[in-house]
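Trainee: Please take one part of this model and go through it closely, strand by strand. Then follow it outwards to the residues and spaces around it.

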Amino acid sequence: MPARPNTHQVAVLALDGVVSFELGIAPRIFNSAKGPGGTPLYEVTVCTADGRPVRTEAGFSVAVDHGPEALATADTVVIPPTHNLGAMAKGGPLPEPLVRAFRRIRPGTRMVSICTASYVLGAAGLLDGRPATTHWCDAAAFARVFPGVDVDPGVLFVDDGDVLTSAGAAAGIDLCLHLVRRDHGSAVANRAARHCVVPPWRDGGQAQYIERPVPEPTLASTAATRAWALERLQEPLSLGEMAAHARMSLRTFTRRFREEAGMTPGTWLTAQRLELARQLLESSDLPVDLVAHRAGFGTANSLRQHMRSVLGVSPVAYRRTFQVGAPA
């Protein structure tokens, strides 16, 4: 079937032993992303390295309609994890069928791994000198196998431009929604998330999922304080005020917050304010200084600094990209 014009081509490369849950993430998320009038924004093709069926870890096989030729026209290649990494799990090279398949991928194609498919990108040399993540269970082993990769075991995903990696299982949903958000803005990503009945954005990283001793049931949570803070992002909230709302000492609140959210209160608060600013830039014509004020950054200069640091663009450039008809 010929590709639809003006749609972003996504190829999902299923390897033998593919994990069935993660195999379905990219088609589900990207096919749920729609433009005006329900126009599809992505065309997703599932393929294998040789066009043959592959076994899944769940005891059934998947027959695909496409072989490696689908990689040659892809704008984005997504690789779900496999339980059959073979020599790649110990730093070995790509198997020859994968080498041939990878040769079809055009330079500049966006490469994405979900969970332990990071080993595939690592074996292909695509992560050398880059930041990356993988499932927290495998992070230490991955770092030993690929010492040239800057492994961050505490995040849900890492966006390094043309190469992106995610943590385990459902973090692939977070990463695919992030790509939709990056490509088409928060409104489109939020609609896709609602269609799939998943949260458009999850607080924190995978640090909150790492196995730890179960806390005593009498210990309080910071969840109510996070909800309280989200209603007051415009205000200059201090750590002391947040701890007081949670009825904890500063030390206890900071420790408990990090355990639950995977980041410090200050980092979390800045991330929520930045997300609010992005939504306001996309959905309103408010001047940048008013957007900065409503998002709690105080000044337009502070908002510019945070957006350049995290997103690499200014508020005006961001609005120009994601808001149709925005003034230059």
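Mentor: What follows starts with a group of paired strands and moves on to selected residues, a pocket and two backbone angles.

The model is predicted, so local features are described only at pLDDT of at least 70 and side-chain atom pairs only at pLDDT 80 or more, while totals for chains, interfaces and linings use all residues. Residues are numbered from 1 along each chain as its sequence is written, and side-chain values use heavy atoms, with hydrogens and water left out.

Begin with strand β1, residues 8-14. Strands (E, at least two residues) and helices (H or I, at least four) are DSSP runs numbered from the N terminus. Six of the seven residues in β1 are buried. Buried stands for under 20% relative accessible area, exposed for over 50%, and partly exposed for values in between, with a 1.4 Å probe and protein chains only.

β1 has parallel partners in β2 and β5. Two strands count as paired if DSSP finds at least two bridges between them. With β2 (residues 42-48), β1 shares seven bridges in the parallel sense, and L13 faces C47 there. With β5 (residues 76-79), β1 runs parallel over three bridges. In that pairing A11 has V77 as its bridge partner, and V12 stands opposite V78.

β5 in turn pairs with β6 (residues 110-113), again parallel, through four bridges. I79 of β5 is set opposite S113 of β6. In a regular strand, side chains alternate between the two faces of the sheet. In β5 both faces are covered, with T76 and V78 buried on one side and V77 and I79 buried on the other.

Next, the residues around these strands. A74 lies in the loop that leads from β4 (61-62) to β5. A74 is buried, at 2% relative accessible area. Contact here means heavy atoms within 4.5 Å. Leaving out residues up to four places away in sequence, A74 touches Q9, A11, R106 and T109. A11 is also the residue bridged to V77 of β5. The C-alpha atoms of A74 and E43 are 9.5 Å apart, although 31 residues separate the two along the chain.

On the way from α2 (25-31) to β2, S32 sits in the loop. S32 is buried as well, at 9%. A polar atom of the S32 side chain is 2.7 Å from the backbone oxygen of R28. This is a polar contact, that is, a pair of N or O atoms within 3.5 Å; within protein, one atom must be able to donate a hydrogen and the other to accept it, and residues adjacent in sequence count only if both atoms are side-chain atoms. Beyond four places in sequence, S32 touches A192, H195 and C196.

S113, which faces I79, is also among the contacts of T165. T165 belongs to strand β10 (residues 163-166) and is buried, at 1%. Its side chain reaches the backbone nitrogen of T133 at 2.9 Å. Apart from neighbours within four places, the contacts of T165 include L121, L127, A132 and F157.

F157 leads to the largest pocket, where it is listed with H178, W201, R278 and V310 as the closest to the centre among 36 lining residues. On a 1 Å grid over the protein atoms alone, a pocket is an open set of points with protein on both sides within 12 Å along at least five of seven lines, and lining residues have an atom within 4 Å of a point. The volume of this pocket is about 1100 Å³, taken as the space filled by probe spheres set on the points. β9 (157-159), α6 (171-184), α11 (265-283), α13 (300-310) and α14 (315-322) each supply at least two lining residues. α11 gives the most, with seven.

Two backbone angles remain. C115, in the loop between β6 and α4 (118-123), has a positive phi of about 60 degrees although it is not a glycine. C115 is buried, at 7% relative accessibility. R247, also not a glycine, has a positive phi near 60 degrees. R247 lies in the loop between α9 (239-246) and α10 (250-261) and is exposed, with a relative accessible area of 79%.

Conventions. On a 1 Å grid over the protein atoms alone, a cavity is a set of points where a 1.4 Å probe fits but cannot get out, and a pocket is an open set with protein on both sides within 12 Å along at least five of seven lines; lining residues have an atom within 4 Å of a point.
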